[in-house]
Amino acid sequence: MAGVAVSTTINGDNVEYLCQPDETLLDVLRDRLGLTGAKEGCGTGDCGACSIILDDRLVCSCLVLGAEAEGRRVETIEGMAHGDKLHPLQQKFLEHAALQCGICTPGFLIAAKDLLAKNPDPTEEEIRFGLAGNLCRCTGYDKIVRAVQDAASVMKGA
Amino acid sequence: MNFDPRYSARNFASVGTRPIRPDGVDKVTGRARYGADFNMAGQLVGRVLRSPHAHATIRKIDTSKAEKLPGVKAVITAADLPDLTDGDAAMYDILDNCMARNKALYDGHAVAAVAAVDARTARQALKLIEVDYEVLPHVTDVDEAMKHTAPVLNDTIFTEGLEEKPVKPSNVTKRTQYGHGDVHEGFGHADFIVERSFKTEQTHQGYIEPHACVANVSSDGTADLWVCTQGHFVYRQHCAQLLGMEASKLRVTSSEIGGGFGGKTHVWAEPVALALSRKAGRPVKLVMTRDEVFRASGPTSATSIDVRIGARKDGTITAAEATLRYSCGPYAGMWAEIGAMTAFACYNLENVKTVGFEVLVNRPKTAAYRAPSAPMAAFAVESAIDELAKEIGMDAVEFRIRNAAQEGTRSSYGPVYGPIGIGPTLEAVKSHPHMKAPLGKNQGRGMACGFWFNFGGQTCTDLNIGMDGSVSLAVGTVDVGGSRASLSLVAAEELGIAYEQVKTVVADTATLGYNDMTDGSRGTFSSSMATISAARNATKILRERAAQMWDISVDDVVWEKGHATAKGEKHGNLGQLSLKEIAGASGKTGGPIAGHSELVADGAGVSFATHICDIEVDPETGSTRVLRYTVVQDAGKAVHPTYVEGQYQGGAAQGIGWALNEEYIYGKDGRLQNPGFLDYRIPVCSDLPMIDTQILEIPNPNHPYGVRGVGETSIVPPLAAIANAVSNAAGVRMTHIPMSPPRILAAIEAERGG
Amino acid sequence: MRYERPHSIEDAVGLLAGSAGTAAILAGGSDLLVRMKGGFIEPDLIVDIKAIGGLSEIRETAEGFSIGAAVPCAVLGESAALKKAWPGVVEAAKLIGSKQVQGRCTIVGNLCNASPAADSVPALVAAGAKASVVGPAGTRTIPVESVPTGPGKTSLAKGEIIEAILLDKRPPGSGDAYLRFIPRTEMDIAVVSAGVNLTLDERGVVKSARVALGAVAPTVLLVEEAAQVLIGTKLDQATLERLAKVCSGSCRPIDDKRGTVEFRRKVAGVLAKRAATTAYARAGGK
Amino acid sequence: MVEVTLWGSLGAAAGGKNKVEIEAKDIRELFRKLAEQYPGLEPLIDRGIAVAIDGTIYRDTWSKELPKSAEIFLLPRLAGG
C-alpha cells in the first residue's frame, strides 16, 4: 500500500508526513507526530475525546483521514496555551476542578474553544448542547459547564 | 508503627481548602500520559482474537497461517499462558478470562492473540487464525439461567450454601443469607405489606479510556509493564502469578488513568501483552478498542430481585425480606451476596432476611462497578419503601427517618453500627429547599437513600524532605479523581507547611511498598492515613535534628505550624527553626530526612447518602428529562471539597445513566448488540442539569482527621430516586431498569389500558 | 488501498467506474470511517470528492437551492436563506451526530448510507427534494426517496455520484418540520422520526402536504394517506389524531436495540402530529 | 472469651453454627483458633475474611485487639469499585 505524502499546518507549524491511505488523522497525530493529547475513546466519533479543529471546524480526528489534512490547518490541544500562558478555558478547568481523570479534558477544551469562538456568550443550555459530542464519565458535567461559563465571562472581559 | 488512627478534633489550615491539583496543568495541556500514550522503541502492536459465540467448545486453534504472515512476531493461545494458579480458583477464573482454555464462555472471550509490526498486519493475522468451535446452547438472562432447563456453563459447579449439597450441577454457584429476627412473625404484625419484583439490566463502568498497556519482557526474566489500572501493585501480583514470575522482577508503572470505577481492578489483557512480549522478545503495546471494552471487560451484574416489606400503621417497619439474583458472567462471584448485605443497610429493622443467588451466564465476567451490587438492591428496596409510605399515607422522607438506622442499630448485614450518617442526610433532605420547590405538569419528585461499606487496606507512603524544604510525597494508590491534591493537602496540614511546598506522585511498584488498589472508596481515606503517619514520622526526625542544631534534648522540642520550637524556660531564647532551615542543615545532622509509613488503614467507616431528583415524563413518548438533582452525603471530613463534590456529582450522573438508558442488549444469538457509545447510552452534557451537592461532615472515629471514603456511595441512590420520581410523575411504578422510553411508555399504556 | 482526490466530477466518476475492487466515496467520512474501523468495509479505492469545484457550495438558483455533495451539515445551518426556506430540512441535517460530526457529515452521505433511521432523509423526502446524479452515462435527476432501496443499499449504479441535492423554491404559506425520537437529548440514532412539509392557502387551509416517516420500515416511508388527511384542513385536533392514527398504521417497524414495534408505531404518530403542528405554524397557519 | 458471630456462608462451614465462643485477644489468635476448632473455615480464612469489631470492618489486621465486651462479626471480604 502506497503511502500518501501530506503537507499541512499543525498548531501553526508546517508539518510534513507520510501516512497510509486508511490511516486516521488521530493515528497520525498520536503515532507519527507524538501529539498524544487527542485521545481515542471510541474511534467512531461518539465520544469526542479526539476533538481537533480543522480549518475552523470542530471535528473528531478519528473520523478524518490523515491524507485529508493536506493543505489544511489543524489545531490540537498542544497548541491551545500560548507558551507558558494557559488559555482561559484551561485555567478555568483547573480552578473549577472540571476534570477528574482528565482523559476527556483535551477534547472538551477544544470543543469549548470552538463553542466560544462561535458563541462568546452562551447560555447554560447552549453550552450543554454545544458540548454534547464530548463524553465525560467522571464529573457529571456540572463543573465543566461552570468552567466554560466562567471562562466565557473572563474572555468577554478581556 | 504504633500509629494512632483515632480521630481528634482540630482546626485545619490546609485540609478543607480547594487548591489546583498538582497534575492539573499536564491534563489541560495534553501532556499527561495515559495508558495508550506511552511507546517503546521497537514496540509491536498486540491484538486479541475474540470469540463470536456466546458459548462454544474450542476444539482446535490453528495459528500456523498467522505465524507465517510477514511482520507477525508472536501468536499465542491459552497454551502460552499455562495454568500456574495452583488451586487459586479466583486467579484461575481471571486467567481463563484473559485467554479461554477449553470453552469460549461469552461473545468477546479472548481465544488467541498476535503481536505484529503494525496494526494492519496484526488485524490480518487475526483473520488467519483458524478456530474450530463447537457451538453450545447459551443463556444470557439471569432468571433463565437459574431454570433447571438452562444450559449449564460449568458442570463442576454445585450450588454452595444450600442445606443439602445438590446432586446436579447448575448455574447457581452460591446461595447466601443475611438478616436477623423472624420475618414471618414480623409480617404478622404488619398492617401494610408491599411486595414487588424488580429487574435491572447490565451496565458498564463506561470509562472513556479503553484498557491499554505496554509490556516489555526481557530475556533475563525481568519485565516492565506500563498500564492504566486502579492498582498497579495488584496488577503486578496477578501478572507475576499468571506468568510464573517473581513479583519483584516485574515493575509496573501506573499511567494516568482515564477512569476505572471498578473496571480496572483486575487484569484483562495485561498478561496477554506480557506473554506476547515474552514470546516475541520485543515490547508489545496492547490497546483495546471500544468494542472490546464493552464485549470483554467488566460490566456489572444484571439482576432480578424480589422485595417484601411490611409496616404498621404508625410507620414502623415490622419485617423486610429480599431475594436477590445477580449475574456473575461465566465465573463465580459474590455479587448477590454484596447486594444481600447492602439491601436494607439504611434501616433499623427488627426482622430482616435477605437471600442472594450468584448466577452464571454467558456474558463477560462481572467486575466491580462503584459500590458494586448496592445500587440494584437499593433500587428494589427504596422503590418498595416509597410505595409502602404511600400505602400508609406517610411522607416518604418521614417514613425513612422513622425507620433509619442509627448508632447502636444492628445492621441488616450483621454488626451493630457506630456513629453513622443516614439520619443526618435524611434530616438535611427534609429541610432542603429542593423538597419544597414547585413542580409542573407531568413532573415528579423522588428521593432515595443509599449505603456503601467503604474499605481501607494495605497502604504505604514515602515522604521525602528535600534540602530546600520542599516535600515529595510518593503514594501507591492510583489517583483516579484528584487524590494527589488531597494527599498534598494532608501532608501540608500535618507538617504545617504550604500546599505548594508538597508535590505528590504515584510511585511505581519498584519504588514503594505494596498498596492495595484504589477501590472501595479507599484512595484518599487510606493514603491520607498513611501520609499523616509518614508525616508524623518525619516530624519526629525533624524534632531530633532541631534538637541537634540547638544541642538540647529532643524532648524539649515540639513541632508547631511547620516549625520546631524549643519548649521550657531555659530555651526561651532559641526561637524557632523552620522545616526549611532544618532540611538545609540535614547533611550535617544525619543525612536526608524522610518519613515512611506502612500500615493497614482499617476502619474506613460506612457511608450513607440521600438523593432528591425531579423528573419530567412525556406521557405520549415515555421520554424523561432530569430537571433537578441534589446529593446529600456524609464525607466524614472533606479534604478537598471540590473533588468530594466531583465524586458526588459523578456518581449521581452514572446512576442517572443507569436508571434511564444504559443497558447491555443481547441478541437471541447471545451476541452483544450495542458495544459502542452510540447505542450504549451514557449521559451526555445536555441530558443533565447541574447536580447540587451538600457535604455533611460526621467525623469518622477511625481516621485522625475524621475522613471517610466518598467515591462510591453516590451511585447507590439514583436508580431508586429516579424510579420514585418517574413513578410520581407518570403514575406508574417502574420495576425494570433502565427506565428507557419504550419501557415507560409501555407501563403508562398498560396502566391506561388496565 | 489508494486514496485519490480528483478535482473534477468527471475524474471522480472515471476513478469510481474504472476501479476493480471496492471503491468508496469520501465526503464527510462520518459513516465511511466508522465502517472501515469496524472492519465492515475495506475499500481498495477511496475517492475524496472535497476538492471538486462547486461540491462544497450551497447555490441559490432560479428553481431553488442546490446543496453540493461535500457541504458539511454545519454549513447548512449557517445559510440564512436555506434555513428560512426549509427550516425542517436544516433542523434535520443539524441533528445528525455531534457538533464534531456536523463539521464533516453531509446530507448526501446521510442519504447514500441508506439507513432507514437517517435524520435528514425524512425531511428531504417530505420536502420533495431531488438528487442530481452524475455517472458514466451522464447526469440524471431523481427523487431522493428513490435513492435508498433498503438498509445499506442504494439504486446508484457503479461510478455514479450524487453531486447535489436540489430543493425547490418555496411558494408563500409553506413550512416544514422534522422531529425524531431519541432516548437522550443528543448523540443518538433516531428510534423513529417524522418530517412534514405543508403549503397553505390564504385562509390557512392545507393545500398540499407531504409526510415522511423514518426508522419504521426498511426505507423512509412517504405516507400519502397521511398527506391526504391534512389536505383541506386547518389542523384541528381531530385531524391531528387522524394523522397520528394513519401514521402509526402505516409503520412496518421492527424490534431492535433502539426500540420496540409498539413503541415505534405509537411514537411515529405522536411525532407526526407534533411535526405537523410546527410545520403549520411555520407556514403561517394559526 | 469473645463471642463471634459467623455470617453468610461461614456458618455453614463451621458445622452450621452461627455463633461461637473463642478465647482470643486479637484477630490473629481468633483466626488461628477458629481454624483449629473448625477446619472447614480454614480455606475461607485463607481466602480473606473481614472482621467487624463494634461495627467497624477490619480486613487483615492480625494485631487488632478484640476488646472483651466487643461485638465481633466475621464477614466475607468484599470487592469495591
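The legends below describe several close-up views of a predicted model.

**View 1. The fold of chain A and its overall dimensions.** Chain A of this predicted model contains five helices and five strands, and their order along the sequence follows the pattern β-β-α-β-β-β-α-α-α-α. The radius of gyration of chain A is 16 Å, close to the 15 Å that the globule rule gives for 158 residues, so chain A is as compact as a globular protein of that length. Measured out along its principal axes, the C-alpha trace of chain A spans about 50 × 30 × 25 Å.

**View 2. Burial and contacts within chain A.** Of the 158 residues that make up chain A, 65% count as buried. When the contacts in chain A between residues at least 6 apart in sequence are taken together, 55% of these contacts join residues at least 24 apart. The surface that chain A exposes comes to about 5100 Å², and carbon and sulfur atoms supply 47% of that area.

**View 3. The contact between chain A and chain B.** Chain A brings 47 residues to this contact, while chain B brings 53 residues. About 4000 Å² is buried between chain A and chain B, and carbon and sulfur atoms give 59% of this buried area. Within the area that chain A buries against chain B, A:Leu94, A:Gln100 and A:Arg137 supply 21%, which is more than any other three residues.

**View 4. Helix α14 of chain B and the residue that comes just after.** Helix α14 of chain B covers residues 483-495, and because each residue should add 1.5 Å, its 13 residues should span 18 Å, which agrees with the 18 Å that separates its end C-alpha atoms. The helix α14(B) is mostly covered, since 13 of its 13 residues are buried. Just after α14(B), B:Gly496 takes a positive phi of about 75°.

**View 5. Strands β1 and β2 of chain D.** Strand β1 of chain D, formed by residues 2-6, pairs with β2(D) in the antiparallel sense over four bridges, and D:Val4 stands opposite D:Val20 in β2(D). In a regular strand the side chains alternate between the two faces of the sheet. Along strand β2 of chain D, which runs over residues 19-22, D:Val20 and D:Ile22 point to one face and are buried, whereas D:Lys19 and D:Glu21 point to the other face and are not buried.

Technical notes
Residues numbered from 1 in each chain as written. Chains lettered and ligands numbered in written order. Predicted model: local features only at pLDDT ≥ 70, side-chain atom pairs only at ≥ 80, totals over all residues. Heavy atoms only, no water. Helix = DSSP H or I, 4+ residues; strand = E, 2+ residues; numbered from the N terminus. Expected span 1.5 Å × (residues − 1). Buried < 20%, exposed > 50% of the residue type's maximum accessible area, 1.4 Å probe, protein only. Pairing = 2+ DSSP bridges. Rg over C-alpha atoms; globule rule 2.2 N^0.38 Å. Contact = heavy atoms within 4.5 Å. Areas by Shrake-Rupley, 256 points an atom, 1.4 Å probe, with all protein chains shown as cover. Buried area = accessible area lost by both parts, 1.4 Å probe.
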